[in-house]
2 protein chains.
Amino acid sequence: MDKVTQIKSATLSDDLTQRLTAEIVKGVLPLGSKISEPELAKRYGVSRGPLREALVKLETLGLITRTANVGARVIDLNIDDLLDTYTLREAMEGMAARLASELISEQEVTELYKLLDEHQAHLDSNHDEHYANQYGNEDFHLRIIHASQNKKLIRVLTQDLYATIRMYRRYTADSRPDPRQALREHKAILDAIANREGDLAELLMRRHISRAANLLKKAMLQNSISQGNTGQ
Amino acid sequence: MDKVTQIKSATLSDDLTQRLTAEIVKGVLPLGSKISEPELAKRYGVSRGPLREALVKLETLGLITRTANVGARVIDLNIDDLLDTYTLREAMEGMAARLASELISEQEVTELYKLLDEHQAHLDSNHDEHYANQYGNEDFHLRIIHASQNKKLIRVLTQDLYATIRMYRRYTADSRPDPRQALREHKAILDAIANREGDLAELLMRRHISRAANLLKKAMLQNSISQGNTGQ
DNA sequence: CCTTCCAATATTGTCGACAATATATGGATA
DNA sequence: TATCCATATATTGTCGACAATATTGGAAGG
């Protein structure tokens with residue numbers, strides 16, 4: 001491995017957690033592939049100690065599964081898991097939208113409107129729609145989540161769930177939701193939040209996420225993402 | 001340490017995770033106390049390797065906090081955290097109740113009614129109210145959660161959140177919710193689920209949990225649980 | 001008396017080696 | 001040829017020791 005790009009972090013274990021997360025999401029470590037501790041340790045130039053600590057963390061993030069005395073595997077995406085994940089996300093982000101309606105500041109609201117305007121401009125100028133949509137989409141959601149000011153909610157969503165969500169989005173990259181429709185929905189959600197209508201904001205956020213889940217589900221059914229078991 | 005009660009588990013790390021979780025919830029390891037790796041390792045007769053893996057897990061469970069090159073501390077309970085936790089629980093168990101309304105079998109419904117009848121009998125015979133309520137309360141909630149059939153939801157709730165919830169209940173043991181009121185609410189929730197009224201079930205579950213949170217909050221305000229920083 | 005700096009100590013982070021378990025190989029038998 | 005079992009190999013689990021960092025305690029200076 002020639003990547004000498006040392007990511008500076010306090011501890012090797014944290015480094016590895018970040019790197020491995022990235023590699024799994026990117027697909028460098030294929031879905032369902034076996035993870036060999038000696039091999040990975042050699043590849044990253046570290047001993048197995050910190051590597052194993054990172055693996056424990058990845059397991060709790062739901063990115064790998066571990067079996068005692070057998071080893072770890074990258075998770076395999078499937079529709080049931082996708083739906084479970086998005087249902088959970090629906091509950092949590094719905095709550096986040098409700099809380100945001102109560103707690104968000106006027107300034108944050110203004111910034112969010114500006115953000116959506118930018119997205120609109122991006123779409124109108126028509127360049128790089130995919131990227132703009134993906135990036136903007138996540139940015140919008142993250143801001144709502146943080147506006148909830150609920151530390152537990154923020155942690156579970158941004159740290160645990162979003163890694164999985166990014167994976168599902170990546171592996172269904174071909175058929176993405178219509179960015180203009182998504183933007184309309186974002187606008188409606190933000191309107192509800194700005195008007196301090198918590199019930200409505202929660203409802204709209206839930207529908208928005210539920211709709212995304214359905215699209216991803218269709219994408220998975222078509223693509224039949226059954227490749228990926230390349231790892232011995 | 002004279003506890004030779006070897007809990008048989010596949011791996012030392014898993015063993016330690018369970019034991020440490022229990023000790024933290026029980027209060028053997030005081031709130032906010034520093035965790036010394038050498039000391040704990042000696043106490044359990046293991047090396048620091050598996051112990052550290054267990055600590056990584058405990059951190060993700062939210063039972064301890066770790067700082068690089070400094071060490072780990074048992075979490076300290078406070079009202080903000082309590083409210084955050086219960087708000088999250090509200091969102092997730094509310095969703096669980098909704099899903100259960102769609103997915104639960106008639107047999108499971110029957111069993112749940114039987115369970116509530118038993119609780120009623122316990123209360124009427126009036127012995128050991130506290131224990132009966134606590135045990136029965138958690139049992140009821142766990143069954144609803146599992147009836148949701150959502151693996152992600154089940155995992156986060158039963159593994160991540162409930163450890164914290166048990167701690168808050170333990171440290172506010174003095175003033176507990178009225179068991180008869182709780183039972184009435186359980187019955188109403190179950191009725192909604194049995195009638196396949198998902199919206200209502202979710203609403204009632206949320207109120208039920210919100211009410212519990214308020215009671216715990218009051219208890220914390222009165223008791224002012226600021227002791228517990230005994231650990232150097 | 002308080003503050004600052006430095007050395008001594010203790011704790012955490014990392015490593016390489018050994019033990020325990022699972023997997024792969026290959027031969028014997030039906 | 002297929003199946004079963006025993007051996008060999010590889011991988012995971014655990015350990016003790018060393019390196020790096022933080023904490024403690026005391027001396028020097030203001």
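Helix pairs count as roughly parallel under 35 degrees, roughly antiparallel over 145, roughly perpendicular from 65 to 115, and oblique for the rest. With that in hand, here's the quick tour of this predicted model. The α4 helices of chains A and B pack at an angle of about 130 degrees, so α4(A) and α4(B) are oblique to each other. The two chains are related by a two-fold axis.

**How the two chains relate**
- A turn of 180 degrees, with a shift of 0.0 Å along the axis, lays chain B on chain A with an RMSD of 0.0 Å.
- That's the relation of a two-fold axis.
- Both copies use the same surface, and 100% of the contact residues of chain B recur in chain A.

**α4 against α4, across the chains**
- The axes of α4(A) and α4(B) sit 9 Å apart, and their crossing is right-handed.
- From α4(A), the contact takes in A:Thr87, A:Leu88, A:Glu90, A:Ala91, A:Met92, A:Met95 and A:Leu99.
- From α4(B), the partners are B:Thr87, B:Leu88, B:Glu90, B:Ala91, B:Met92, B:Met95 and B:Leu99.
- Sorted by class, the contact of α4(A) with α4(B) has ten nonpolar, two polar and two charged residues.

**α4 against α7, inside chain A**
- Helix α4 (residues 79-103) of chain A also packs with helix α7 (residues 151-171) of chain A, at an angle of about 140 degrees and with the axes 10 Å apart.
- α4(A) and α7(A) are therefore oblique to each other too.
- Their crossing is left-handed.
- On the α4(A) side, the contact is made by A:Asp81, A:Leu82, A:Thr85, A:Tyr86, A:Leu88, A:Arg89, A:Met92, A:Glu93, A:Ala96 and A:Leu99.
- On the α7(A) side, you'll find A:Leu153, A:Val156, A:Leu157, A:Leu161, A:Tyr162, A:Thr164, A:Ile165, A:Tyr168 and A:Arg169.
- The residues of the contact of α4(A) with α7(A) split into 13 nonpolar, two polar and four charged.
- A:Leu88, A:Met92 and A:Leu99 turn up in the contact with α7(A) and also in the contact with α4(B).

**A residue to look at on α4(B)**
- B:Glu102 belongs to helix α4 (residues 79-103) of chain B.
- B:Glu102 has a relative accessible area of 57%, and exposed means over 50%, so B:Glu102 is exposed.
- B:Glu102 and B:Ala194 are 92 residues apart in sequence, while their C-alpha atoms are 9.2 Å apart in space.

Notes. Residues are numbered from 1 along each chain as its sequence is written. Chains are lettered from A and ligands numbered from 1 in the order in which they are written. This is a predicted model: local features need pLDDT of at least 70, side-chain atom pairs count only at pLDDT 80 or more; totals for chains, interfaces and linings use all residues. Side-chain values use heavy atoms; hydrogens and water are left out. Helices (H or I, at least four residues) and strands (E, at least two) are DSSP runs, numbered from the N terminus. Buried means under 20% relative accessible area, exposed over 50%, partly exposed in between (1.4 Å probe, protein chains only). Axes are lines fitted to C-alpha atoms, for helices over the stretch in contact, and angles run from 0 to 180 degrees between N-to-C directions. A crossing is left-handed if the near helix is turned anticlockwise from the far one by less than a right angle, and right-handed if clockwise. Contact means heavy atoms within 4.5 Å. Ala, Val, Leu, Ile, Met, Phe, Trp, Tyr, Cys and Pro count as nonpolar, Asp, Glu, Lys and Arg as charged, and the others, Gly among them, as polar. Copies are superposed by least squares on the C-alpha atoms of residues with pLDDT of at least 70 in both.
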